[in-house]
Amino acid sequence: MNMRRAALLGLALTAGILGTSTAPALAGGPDAAPLSCGGQTIDTAAPIHYRTEALIKAPLQTIWKLQTDVENWPAWQPPVTSAQRLDSGPLRPDSSFRWTTPVPATATTPATTLEITSTVHQVEEERCLRWTGPARGDGLGIDTGTHVWTFTPVADGVLVRTEENWSGAQVEADVATSTQFLGMGLDAWLTNLRVAAER
């Protein structure tokens, strides 16, 4: 197992989803238009991208508050060990936050902490969010990730969709594995959000 794959495996272990089988595919089919917020999408030219969705049977206001109260993420997302807003007030364009997730030791990498610094670019109250940022840790680096979330009220609750891409030489050296682990992380995030919102 090479260093890149081992580091990605460590990230998946941290998310508590080892053994989950997630195919690197887009929800809605490969021809589905990318999610957007304020007319902006992920980097559609990036080779690593994943899209997924979940029906959450909870009020939109509850789901929105959980997702946008960044500093409280560790209370309902076990993989997030710290989260700090770098500004104050409601999330808005140019808001930024720094959050961490541990990556356990593997056969080829030491235990480390992945630090992600995210900057919000688009936000529409209770409709959508889009942020970007790098992630850094010993043995794992993502130069840029772009993440879009949409929230659509439906008859049974709220359809929450998310789509993200990663770019950078290290993760692009093994696109299939990187895409698989990106998908596992997004699916786990949605599961945690659903559980917290439906409590």
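This is a guided tour of one protein chain, selection by selection. The model is predicted.

**Whole chain**

Start with everything shown as a cartoon. The secondary structure comes to five helices and seven strands. Read from the N terminus, the elements run α-β-α-α-β-β-β-β-β-β-α-α. Switch to a surface. The accessible area is about 8,900 Å², and carbon and sulfur atoms hold 51% of that. Of the 199 residues, 50% count as buried. Now think about contacts between residues at least 6 apart in sequence: 58% of them join residues at least 24 apart. Several stops below show such long-range links one by one.

**Stop 1: the disulfide**

Select cysteine 37 and cysteine 128, and show them as sticks. A disulfide joins the two, with an S to S distance of 2.1 Å. How many disulfides are there in total? The count comes to one. What does the bond tie together? Cysteine 37 sits in the loop between helix H1 (3-14) and strand S1 (48-56), while cysteine 128 belongs to strand S5 (residues 128-137), so the link bridges parts that lie 91 residues apart in sequence. Look along the S-S bond next. Its torsion is about 70°, so this disulfide is right-handed. Turn the surface back on: cysteine 37 and cysteine 128 are both buried.

**Stop 2: leucine 35**

Stay in the loop between H1 and S1, where leucine 35 is also found. Is leucine 35 buried or exposed? Its relative accessibility is 7%, so leucine 35 counts as buried. Add valine 148 to the selection. The two C-alpha atoms are 6.5 Å apart, although 113 residues separate leucine 35 from valine 148 along the chain. Expand to the contacts of leucine 35, leaving out residues up to four places away in sequence. Val148 is among them, as are Thr41, Ile42, Arg51, Thr150 and Arg161. Keep Arg161 in mind; it returns at Stop 4.

**Stop 3: threonine 146**

Move to strand S6 (residues 140-154) and pick threonine 146. Threonine 146 has a relative accessibility of 6%, so it counts as buried. Which residues does threonine 146 touch, not counting those up to four places away in sequence? The set is Thr41, Ile42, Asp43, Arg130, Trp131, Thr132, Glu163, Glu164 and Asn165. Compare this with the previous stop: the contacts of leucine 35 include Thr41, Ile42 and Glu163, and those three appear in the list for threonine 146 too.

**Stop 4: a long-range salt bridge**

Side chains of opposite charge can pair when their charged atoms come close. A search of the whole structure finds eight salt bridges. Select glutamate 53 and arginine 161 for one of them; their closest N and O atoms are 3.1 Å apart. The partners come from distant parts of the chain: glutamate 53 lies in strand S1 and arginine 161 in strand S7 (residues 157-167), 108 residues apart. Glutamate 53 is partly exposed, with a relative accessible area of 36%. Arginine 161 is partly exposed as well, at 23%.

**Stop 5: a salt-bridge network**

Now select Arg85, Asp87 and Arg92, which are linked in a network of salt bridges. Center the view on aspartate 87. One bridge runs from aspartate 87 to arginine 85, at 2.8 Å from N to O. Another runs from aspartate 87 to arginine 92, where the closest N and O atoms are 3.5 Å apart. Color the three by accessibility:

- Arginine 85 counts as buried, at 13% relative accessibility.
- Aspartate 87 counts as partly exposed, at 22%.
- Arginine 92 counts as partly exposed, at 36%.

**Stop 6: two positive phi angles**

Most residues other than glycine have a negative phi. Two loop residues go the other way. Select aspartate 94, in the loop between strand S2 (82-85) and strand S3 (96-103). Its phi is near 80°. Aspartate 94 is exposed, with a relative accessible area of 64%.

Then go to glutamate 126, in the loop between strand S4 (112-124) and S5. Its phi is also positive, at about 60°. How exposed is glutamate 126? With a relative accessibility of 22%, glutamate 126 counts as partly exposed. From here, step along to cysteine 128 in strand S5, and the tour is back at the disulfide with cysteine 37.

Notes:
Residues are numbered from 1 along each chain as its sequence is written. Side-chain values use heavy atoms; hydrogens and water are left out. Helices (H or I, at least four residues) and strands (E, at least two) are DSSP runs, numbered from the N terminus. Buried means under 20% relative accessible area, exposed over 50%, partly exposed in between (1.4 Å probe, protein chains only). Contact means heavy atoms within 4.5 Å. A disulfide is a pair of cysteine sulfur atoms within 2.5 Å. Accessible areas come from the Shrake-Rupley method with a 1.4 Å probe; for residues, only the protein chains shown count as cover. A salt bridge is a side-chain nitrogen of Lys or Arg within 4 Å of a carboxyl oxygen of Asp or Glu.
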